[in-house]
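Reader: Hi! I've got this one open in my viewer and would love to talk through how it is put together. Mind if I fire some questions at you?

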Amino acid sequence: MLLGAVCLAPIFFSWSAVAIFLFLTGASLLLGHSVGFHRRLIHRSFDCPKWLERTLVWIGTSVGMSGPLWMIRTHDMRDWAQRQPDCHDYLAHRRSMPRDAFWQLHCRLDLKHPPTFEYGEAGKDPFYRFLEVTWMAQQIPVAALLFIGGGWSWVVWGICARVSISVTGHWFVGHLAHRTGPQSWLVKGAGVQAHDVPWAAMPTMGEAWHNNHHAFPGSARIGLHPGQSDWGYASIQLLQKLGLAWDIILPHHLDRAEAVTQIENAPQFLPAGPITLKEI
C-alpha cells in the first residue's frame with residue numbers, strides 16, 4: 001500500500017481523488033476505528049443494534065490495520081502489559097522512533113507465556129470470524145466501487161494512500177502518546193503512563209486524548225477537559241438521539257477513584273481549572 005501510494009499517487013493525482021482520500025480516511029477512522037473497533041467492539045462503552053455494530057466493525061476492518069479479533073487481542077495485550085510494573089519496550093513504545101516504527105509496522109512480538117484473552121461475543125460471531133480471515137480482501141469491494149466512480153485515480157488515493165496514512169498515522173500517534181505530552185492523570189502501579197497529543201485530536205477523532213483514556217478506559221467519552229474535541233463521542237451522542245445507541249458509559253460510571261490520581265496543576269488547553277471525578 002505504501003509503495004503504491006508513493007509511486008502512483010503523484011501520477012494519478014486529481015482533486016477529486018484527494019477529496020475521496022480525505023472523505024474516506026476521515027469517515028473510516030471515525031465510524032470504523034474509533035467508534036466501531038475501539039469504543040464498541042473492544043471496550044463495549046455503549047450498546048447499539050447488532051446490524052449497526054457489524055456495519056461499524058466492517059468499516060473498521062476496511063481501515064486496513066487488521067481483522068477485528070486481532071485488533072482486540074493486540075489492544076488487550078498492550079493494555080495488560082502497560083498496566084504491569086515492568087513492560088516490554090515493544091509494548092511500551094520505549095525505543096527510538098525509527099526502531100519503534102520498524103518493530104510496530106513490520107514485526108510481531110511472540111511471548112513464551114502469553115496471557116489468555118477472551119474474545120467474548122465477538123469471538124462467536126461468524127461475521128467477525130469471516131472478517132478476520134478476509135480482512136485484506138475487504139479492500140476489493142471498496143476498490144471496485146472507487147474504480148467505477150473515478151478510475152485508477154480514485155483507487156490509488158482511496159485505497160493505497162488511505163490505508164498507508166491510516167496505518168502509519170496510528171503507529172505515529174500511538175508512539176507519541178506513550179512518550180511525551182500533557183498529562184492530567186496517573187494510573188497507579190502502571191509501568192507505562194499515557195500522554196495526550198493535542199494536535200492529533202481531530203484527525204484521530206478524539207483518540208489522541210490518550211492520557212484520559214488510560215485513566216478511564218471504558219468511557220465512551222475520551223475528550224474530558226474543556227476544549228478537547230472528541231468526534232467519536234459526538235458521533236455516539238448523535239446515534240443516541242437517533243435511538244441507535246444507549247447505555248453509554250462515562251467516567252463517573254466507572255469505579256476508578258482508587259486506580260487513578262489527578263495531577264495537580266496539570267496542563268490545561270483552555271483557562272478552565274482541573275476537573276474532579278465527580279464533575280466529569
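Author: Happy to! One thing to keep in mind is that this is a predicted model. A good place to begin is helix H2 (residues 15–42) and helix H9 (residues 139–177), whose axes come within 8 Å and cross at roughly 50°.

Reader: What does that make H2 relative to H9, oblique or parallel?

Author: Oblique, because an angle of 35 degrees or above that stays below 65 falls outside the parallel and perpendicular ranges. The crossing of H2 past H9 is right-handed.

Reader: Which residues make that contact?

Author: From H2 there are Ser-16, Ala-17, Val-18, Ile-20, Phe-21, Leu-24, Thr-25, Ser-28, Leu-29 and His-33. On the H9 side you will find Leu-146, Ser-153, Trp-154, Trp-157, Gly-158, Ala-161, Arg-162, Ile-165, Ser-166 and His-170.

Reader: How many of those are nonpolar, polar and charged?

Author: The contact of H2 with H9 has eleven nonpolar residues, eight polar ones and one charged.

Reader: Nice. What about H6 and H9, how do their axes sit?

Author: The axes of H6 and H9 come within 11 Å and cross at roughly 130°, so this pair is oblique. The crossing of H6 and H9 is right-handed.

Reader: Which residues meet there?

Author: H6 brings Met-97, Asp-100, Ala-101, Gln-104 and Leu-105, and H9 brings Val-167, Trp-171, Phe-172, His-175 and Leu-176. By type, the contact of H6 with H9 holds seven nonpolar residues, two polar and one charged.

Reader: Which residues of H6 are buried?

Author: Helix H6 covers residues 97–106, and its buried residues are Asp-100, Ala-101, Trp-103 and Gln-104. Those buried residues pack against helix H4 (68–83), helix H5 (89–92) and H9.

Reader: Since H4 came up, at what angle does H4 pack with H8?

Author: About 85°, with the axes of H4 and helix H8 (residues 126–134) 7 Å apart. The two are therefore roughly perpendicular to each other. In that contact, Pro-68, Leu-69 and Trp-70 of H4 meet Tyr-128, Arg-129, Leu-131 and Glu-132 of H8. Five of the residues there are nonpolar, none are polar and two are charged.

Reader: Switching to single residues: where is Val-173, and is Val-173 buried or exposed?

Author: Val-173 lies in helix H9, and Val-173 is buried, with a relative accessible area of 12%. Setting aside neighbours within four places in sequence, Val-173 is in contact with Val-197, Ala-200, Thr-204 and Ala-208. As for His-214, which is 41 residues from Val-173 along the chain, the C-alpha atoms of the two are separated by 15 Å.

Reader: And what is His-43 in contact with?

Author: Beyond its neighbours within four places in sequence, His-43 is in contact with His-38, His-75, His-213, Pro-217 and Gly-218. His-43 sits in the loop between H2 and helix H3 (50–62). With a relative accessible area of 18%, His-43 is buried, since the cut-off for that class is under 20%. The C-alpha atoms of His-43 and Ile-249 are 9.8 Å apart, while the two are 206 residues apart along the chain.

Reader: I like to check backbone torsions. What is phi of His-93?

Author: Phi of His-93 is near 55°, a positive value in a residue other than glycine. His-93 is in the loop between H5 and H6, and His-93 is buried at 5% relative accessible area. Asp-247 is not a glycine and has a positive phi of about 50°. That residue, Asp-247, is in the loop between helix H11 (231–241) and strand E2 (260–262). At 55% relative accessibility, Asp-247 counts as exposed.

Reader: Last topic, annotations! Which residues does UniProt list as "transmembrane region"?

Author: The unreviewed UniProt entry lists residues 12–31, 51–72 and 140–160. In the model, residues 12–31 are 85% helix and 0% strand, with the end C-alpha atoms 27 Å apart. Residues 140–160 are 100% helix and 0% strand, and there the end C-alpha atoms are 12 Å apart.

Reader: And which residues does it list for the "domain: Fatty acid desaturase"?

Author: For that one, the unreviewed UniProt entry lists residues 14–218. The span 14–218 is 63% helix and 1% strand, and its end C-alpha atoms lie 41 Å apart.

Notes: Residues are numbered from 1 along each chain as its sequence is written. This is a predicted model: local features need pLDDT of at least 70, side-chain atom pairs count only at pLDDT 80 or more; totals for chains, interfaces and linings use all residues. Side-chain values use heavy atoms; hydrogens and water are left out. Axes are lines fitted to C-alpha atoms, for helices over the stretch in contact, and angles run from 0 to 180 degrees between N-to-C directions. Helices (H or I, at least four residues) and strands (E, at least two) are DSSP runs, numbered from the N terminus. Angles under 35 degrees count as roughly parallel, over 145 as roughly antiparallel, 65 to 115 as roughly perpendicular and the rest as oblique. A crossing is left-handed if the near helix is turned anticlockwise from the far one by less than a right angle, and right-handed if clockwise. Contact means heavy atoms within 4.5 Å. Ala, Val, Leu, Ile, Met, Phe, Trp, Tyr, Cys and Pro count as nonpolar, Asp, Glu, Lys and Arg as charged, and the others, Gly among them, as polar. Buried means under 20% relative accessible area, exposed over 50%, partly exposed in between (1.4 Å probe, protein chains only). UniProt positions are given in the numbering used here, feature names are shortened, and annotations may be inferred rather than shown by experiment.
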